[in-house]
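Please walk me through this chain in careful steps, beginning with its overall fold and then turning to its surface and its charged side chains.

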Amino acid sequence: LGSSEEEAKEAMLLTEEVVKLFNNLRQALNEAEADMKVVAHSHQAKLEEVQQAMDEQKSEADRQRGEAERAEAALEETKKSTAQRRGAAGPTSRKVWCQARSGKEAIGESQGPRG
């Protein structure tokens with residue numbers, strides 16, 4: 001019977017060791033899960049920061065694009081206005097000059113002052 005008591009004690013010790021190992025394994029898994037949650041939270045926060053920065057950059061790019069389009073439209077309008085003023089001022093100025101020079105009615109642009 002001595003050997004069966006020793007075997008029972010050995011089995012008991014092995015069982016205790018296995019329980020300790022499983023408890024340690026469970027604790028290690030819980031710690032790993034907690035670490036993974038911390039890492040995931042950190043990555044989520046970084047992702048949100050990057051997303052916010054991208055949204056801000058997109059908004060700024062849209063604002064600058066709008067300003068550029070308005071500036072381009074203003075430039076085109078200025079060019080048209082300048083061209084219209086030059087076109088309108090050219091013949092009128094010539095007519096006024098011709099009238100002043102000849103003392104007669106306005107003379108067309110293609111004709112010179114009459115004698």
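The paragraphs below go from the whole chain to single residues.

This is a predicted model, and its chain contains 1 helix and 0 strands. The helix, called α1, covers residues 2-102. Of the 115 residues in the chain, 3% count as buried, and the chain exposes about 10300 Å², of which carbon and sulfur atoms supply 56%.

Two surface patches can be looked at next. Val 18, Phe 22, Leu 25 and Leu 29 together make a nonpolar patch of about 390 Å² on the surface; Leu 29, which has its place in helix α1, counts as exposed because its relative accessibility is 53%. A patch of negative charge is formed where Glu 5, Glu 6, Glu 7 and Glu 10 gather on the surface, and Glu 10, also found in helix α1, has a relative accessibility of 52%, so it counts as exposed.

The salt bridges in the chain come to 5. In one of them, Glu 33 pairs with Lys 37, with the closest N and O atoms 3.8 Å apart; both residues lie in helix α1 and are 4 residues apart, which is about one turn of the helix. Glu 33 is partly exposed at 43%, whereas Lys 37 is exposed at 56%.

Further along, Lys 58, Asp 62 and Arg 65 are linked in a network of salt bridges. Asp 62 meets Lys 58 at 3.3 Å, N to O, and it also forms a salt bridge with Arg 65, where the closest N and O atoms are 2.8 Å apart. Within helix α1, Asp 62 lies 4 residues from Lys 58 and 3 residues from Arg 65.

Definitions and conventions. Residues are numbered from 1 along each chain as its sequence is written. This is a predicted model: local features need pLDDT of at least 70, side-chain atom pairs count only at pLDDT 80 or more; totals for chains, interfaces and linings use all residues. Side-chain values use heavy atoms; hydrogens and water are left out. Patches are made of residues with over 30% relative accessible area and no salt bridge: like charges are joined within 9 Å, nonpolar side chains (Val, Leu, Ile, Met, Phe, Trp, Tyr) within 5 Å. Accessible areas come from the Shrake-Rupley method with a 1.4 Å probe; for residues, only the protein chains shown count as cover. A salt bridge is a side-chain nitrogen of Lys or Arg within 4 Å of a carboxyl oxygen of Asp or Glu. Helices (H or I, at least four residues) and strands (E, at least two) are DSSP runs, numbered from the N terminus. Buried means under 20% relative accessible area, exposed over 50%, partly exposed in between (1.4 Å probe, protein chains only). Lys and Arg count as positive and Asp and Glu as negative; His and the chain ends are not counted. The place of a charge is taken as NZ of Lys, CZ of Arg, CG of Asp or CD of Glu.
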